[in-house]
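Let's take a friendly look inside a protein model, starting with its enclosed spaces and moving on to one of its sheets.

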Amino acid sequence: GARLRSLGLANQPAPGAADIAFGKAGSAAVSPDGVALADYSLTGSGAKGKNRALFALNPVTGTDLVLQSGTPLSALGGGLPGNATATALLGAIFNQPQRALFQATAKGTGITAANNRLLLLDNGASVQLLHRSGTPIPALGNAAIASFKEVLQSHDQNFLALTYKLKTGGGVTPANDEGLLFLDHSGSPGSNTIATREGSPAFGGGTFGPFNGRAATAFGSTIYFTAALNIAGSTAPAVFSTTLNGVTTARLATTGDLAPASGGATYRTFPALTNAGVNALVKATLKNSPASENEGLYVLPTNLLLTRKGDDIGGGTFITRILRFWTAGPGQLILQVQLGKSQALLLRQNDGNYLTLLRTGASAPGVGSAKLKAISAVDVNPISGRYAVLGTLSGSPASSNQALWTGDPTLGDNTPPALQDLRLPQLTLRKGNAYTTDATPQSVIRSIALKPAVDPTGAGGRGLSHALGEGDDLALFITGDRNLVEAVLLDR
């Protein structure tokens, strides 16, 4: 059965330093083996001037302090001065065991906004510096990164990808200051870093224009990304791929290309992309298409249409907007969509049919006569395909008007109803339930928060962090009695 492990309870003593206690929880990233990396504000006399910290909760060894703000950092190297300390900790990603990534900002003598961002790795025993902003990169002609737009971590290969903006000057201009940098988990740059840079020759002709910071790195050694393409005197959005070693590169789609199986519609823009196994899954807007069908999800380079705005999900109900999407097993997608005035979470099965998992205004599993009012948060693990959904309820007392469901779309098969129903969500926690952890002998759930990686494009499972780990461990934030918030790991 499910059980809740405490990652940290507000006001309780925290480990690793004298006189510190857990304050307000931030977010948490969960590894494939169920270790969680969570950030907290700190209270207590030991938190004076150093009131932020990152903790790792290991189901076997317990909770460890990874790094506290105010701790000297010069031992990390990277030219950090003797009085360097961390002021902020952010951006935890934990897609591989013993390879937790996070970022810190530093202060100290000679540290400025141009060189104060650190990309760090916690291997479970120590913290290592992978890259510091402002450090010259030989592969980029000794240009230096001014800011990381985004950091992505592969789930199965020894690399991470930084989408960057370079410091201008010394040959760096606004026409060549953006791109993708690939690092291994020791911080060494990949061999083709120079290739994926604005101003460089683009794959398939022309030159790269601005990079929008979007890439997909979850599986395999092929990286997919979107960037502007300068060709024949014009600039157009395009989708590209490169292997990690740079040997195999391609332009997969460009504005104006014919979209497959889409009635003569052509690609207009590519606002989002993620991985579909070793391929790319790209959200494209379409031209030469009715407005009711002008976006779709396409697998590249195999040129398959999986879902299109306007698709009938059954019973004459049509998708009016694709909000968020995740791959969930071969040929399957989990979609958060608009259906006219309602929203739904759908499973797009590998036979092309849709199974409604949850829909606003409709009844939901395990909550009696209450109905789903809103979908608050969703996370889908791209390796296991399992999903977690937090929602609010109507027709329910305020003391029980929130619920968490979990499900596994890889169970059963497409045969309705018996085998298909195995894929439906199951009620897992509800506001008003009693709950207990190793730090809380007895309390009542007053509210639940699920905090997946925020992806403004709506594409999930592309190398950002996950609250739901591959082994089905789920990080949640429960407000209990006396309004105390506890970060917990739901494990099964």
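The notes below cover the cavities and then a sheet of this predicted model.

## The largest cavity

Counting cavities of 30 Å³ or more gives two in this model. The largest holds about 80 Å³ of space, and 14 residues line it. If you want to find it on screen, head for Arg-324, Ala-453, Gly-460, Gly-461 and Ser-465, the lining residues that lie nearest its centre.

Two strands are worth colouring here: β24 (321-327) and β28 (371-380) each contribute at least two residues to the lining of the largest cavity. By class, that lining is made up of six nonpolar, four polar and four charged residues.

## The second largest cavity

The second largest cavity has a volume of about 40 Å³. Its lining brings together Val-30, Ser-31, Pro-32, Phe-94, Asn-95, His-155, Asn-381, Gly-469 and Glu-470. Sorted by class, these residues are three nonpolar, five polar and one charged.

## A four-stranded sheet

Now for the sheet. Four strands make up an open, antiparallel sheet, running in the order β1-β36-β35-β34. At its edges are β1 (3-9) and β34 (447-449), each of which pairs on one side only. On average, neighbouring strands in this sheet are turned by 35° against each other, with direction ignored.

Which strand pairs with β34? The partner is β35 (residues 474-479), and the two are joined in the antiparallel sense over three bridges. To see this pairing residue by residue, look for Ile-448, which stands opposite Ile-478 in β35.

How values were computed:
Residues numbered from 1 in each chain as written. Predicted model: local features only at pLDDT ≥ 70, side-chain atom pairs only at ≥ 80, totals over all residues. Heavy atoms only, no water. 1 Å grid on protein atoms, 1.4 Å probe; cavity = no way out; pocket = protein on both sides within 12 Å on 5 of 7 lines; lining within 4 Å. Points joined across faces, edges and corners; volume = space filled by probe spheres on them. Nonpolar A, V, L, I, M, F, W, Y, C, P; charged D, E, K, R; others polar. Pairing = 2+ DSSP bridges. Axes fitted to C-alpha atoms, helices over the stretch in contact; angles between N-to-C directions.
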